[in-house]
Amino acid sequence: MLRVIATISVLTTLAGCSGVTFHTDIDNDILSQEIGTYVNKRDLQQFYSDQEAHESGATLLGRIEGESCNGDGMGNNNTSYNRSKSDAIDLLKADVMRRGGNAFTINSCSETSVSYCDLSILCTGQAYDY
């Protein structure tokens with residue numbers, strides 16, 4: 001009997017919500033652009049050295065960088081080093097895409113001292129067209 005009451009309650013709730021619509025300020029163009037950017041970043045070729053990129057025939061486009069800044073400089077940040085490094089690499093990949101490249105190397109990632117960040121990571125590399 002308890003199952004029947006629970007089932008009826010769930011079905012009634014679902015039927016009552018069937019006419020609900022949601023509205024956001026995200027239009028299809030913005031959504032498709034964000035999805036496209038995410039997919040393109042995942043499709044970038046990473047070379048493990050500039051020599052490997054050169055030997056593959058890739059064309060050098062120039063130096064790239066990505067810098068993450070976490071926290072407010074007051075020591076209240078709890079973001080891990082790995083999370084910050086991942087954010088910096090993601091920004092480095094965005095720099096590759098802005099230059100029209102589809103491949104990259106990461107030459108270095110290191111902490112930098114920025115007064116308004118609790119943890120700042122700067123990653124540098126090279127962008128390539130492959």
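# Salt bridges, cores and a helix

Q: How many salt bridges does the structure hold?
A: This is a predicted model, where local features need pLDDT of at least 70, side-chain atom pairs count only at pLDDT 80 or more, and totals for chains, interfaces and linings use all residues. Residues are numbered from 1 along each chain as its sequence is written, while side-chain values use heavy atoms and leave out hydrogens and water. A salt bridge here is a side-chain nitrogen of Lys or Arg within 4 Å of a carboxyl oxygen of Asp or Glu. By that rule, the count for the structure is four.

Q: In what order do the helices and strands of the protein run?
A: Helices (H or I, at least four residues) and strands (E, at least two) are DSSP runs, numbered from the N terminus. The protein has four helices and four strands. Going from the N terminus, the elements read α-α-β-α-β-α-β-β.

Q: What percentage of the residues of the protein count as buried?
A: Buried means under 20% relative accessible area, exposed means over 50%, and partly exposed is in between (1.4 Å probe, protein chains only). The protein has 130 residues, and the buried share comes to 25%.

Q: How much area does the protein expose?
A: Accessible areas come from the Shrake-Rupley method with a 1.4 Å probe, and for residues only the protein chains shown count as cover. Carbon and sulfur atoms supply 51% of the exposed area. The total is about 9200 Å².

Q: Which elements each supply at least two residues of the largest nonpolar core?
A: A nonpolar core is a set of buried Ala, Val, Leu, Ile, Met, Phe, Trp, Tyr and Cys residues joined through side-chain atoms within 4.5 Å. The largest one has eleven residues, among them Leu44, Ile64, Ala88, Leu92, Val96, Phe104 and Ile121. The elements that each give it at least two residues are α4 (81-98) and β4 (119-129).

Q: Which residues does Val96 touch, not counting those up to four places away in sequence?
A: Contact means heavy atoms within 4.5 Å. Val96 belongs to the largest nonpolar core. Its partners beyond that sequence window are Leu44, Ile64, Gly101, Asn102, Ala103, Phe104 and Ala127.

Q: How far does α4 reach from its first C-alpha to its last?
A: The expected span of a helix is 1.5 Å times one less than its number of residues. With 18 residues, α4 is expected to cover 26 Å, and its actual reach is close to that. Just after α4, Gly100 takes a positive phi of about 85 degrees. As for the span itself, first C-alpha to last, α4 reaches 26 Å.

Q: Why are Asp87 and Arg83 separated by about one helical turn?
A: The two form a salt bridge, with their closest N and O atoms 2.8 Å apart. Asp87 is partly exposed at 25% relative accessibility, and Arg83 is also partly exposed, at 44%. They sit about one turn apart because their spacing in helix α4 is four residues.

Q: Is Asp95 buried or exposed?
A: Asp95 lies in helix α4, three residues from Arg98, and pairs with Arg98 in a salt bridge at 3.8 Å between the closest N and O atoms. Arg98 counts as exposed at 61% relative accessibility. Salt bridges with shared partners join Asp95, Arg98 and Arg99 into one network. Asp95 itself has a relative accessible area of 12%, so it counts as buried.

Q: Which residues is Asp95 in contact with, leaving aside its neighbours within four places in sequence?
A: Arg63 and Glu65 meet each other in a salt bridge (3.0 Å, N to O). Glu65 is partly exposed at 37%, as is Arg63 at 47%. Asp95 is in contact with Arg63, Ile64 and Glu65.

Q: What distance separates the C-alpha atoms of Leu61 and Arg99?
A: Leu61 lies in strand β2 and is partly exposed at 34% relative accessibility. Beyond four places in sequence, Leu61 touches Arg99, Gly100, Gly101, Ala127, Tyr128 and Asp129. Leu61 and Arg99 are 38 residues apart along the chain, yet their C-alpha atoms are separated by 7.2 Å.

Q: Which side chain does the side chain of Asn70 make a polar contact with?
A: A polar contact is a pair of N or O atoms within 3.5 Å; within protein, one must be able to donate a hydrogen and the other to accept it, and residues adjacent in sequence count only if both atoms are side-chain atoms. Asn70 is in strand β2 (residues 59-70) and counts as buried at 13% relative accessibility. At 2.6 Å, its side-chain partner is Ser84.
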